[in-house]
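User: Could you take a close look at one part of this model for me, the aromatic side chains and what surrounds them? I'd like one connected walk-through rather than a list.

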Amino acid sequence: MHDFLLFYAPLLIVVLAMAASLFTVAKSTKFED
């Protein structure tokens, strides 16, 4: 269980960061239209 968390916590952070940047890009392109 501990190894599982240690492996997936950074992965989850990366996925969340990617989702946040995608959301920001989508939002900024929406404003340009």
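Analyst: Phe4 and Tyr8 both sit in helix α1, which covers residues 2-32, and they are four residues apart, about one turn of the helix. Helices here are DSSP runs of H or I with at least four residues, strands are E runs of at least two, and numbering goes from the N terminus. A caveat up front: this is a predicted model, where local features need pLDDT of at least 70 and side-chain atom pairs count only at pLDDT 80 or more, while totals for chains, interfaces and linings use all residues. Residues are numbered from 1 along each chain as its sequence is written, and side-chain values use heavy atoms, leaving out hydrogens and water.

On to the rings. Searching the whole structure turns up two aromatic pairs. One of them is Phe4 with Tyr8, a tilted pair at 4.7 Å centre to centre with 45° between the planes. (Rings of Phe, Tyr and Trp, the latter by its six-membered ring, pair if their centres lie within 6.5 Å; planes under 30 degrees apart are stacked, over 60 edge-to-face, and the rest tilted.)

How covered are these two? Phe4 is partly exposed at 47% relative accessible area, and Tyr8 also counts as partly exposed, at 40%. Tyr8 has another partner as well: with Phe7 it makes an edge-to-face pair, 5.1 Å centre to centre and 90° between the planes. Phe7 itself is exposed, with a relative accessible area of 54%. The cut-offs are under 20% for buried, over 50% for exposed and partly exposed in between, using a 1.4 Å probe and protein chains only. Put together, Phe4, Phe7 and Tyr8 form one aromatic cluster.

That cluster also shows up on the surface: Phe4, Leu5, Phe7, Tyr8 and Leu11 make a nonpolar patch of about 530 Å². Patch residues have over 30% relative accessible area and no salt bridge; like charges are joined within 9 Å, nonpolar side chains (Val, Leu, Ile, Met, Phe, Trp, Tyr) within 5 Å. A salt bridge would be a Lys or Arg side-chain nitrogen within 4 Å of an Asp or Glu carboxyl oxygen. Areas come from the Shrake-Rupley method with a 1.4 Å probe, and for residues only the protein chains shown count as cover.

As for the setting, the protein has one helix and zero strands, and 0% of its 33 residues count as buried.
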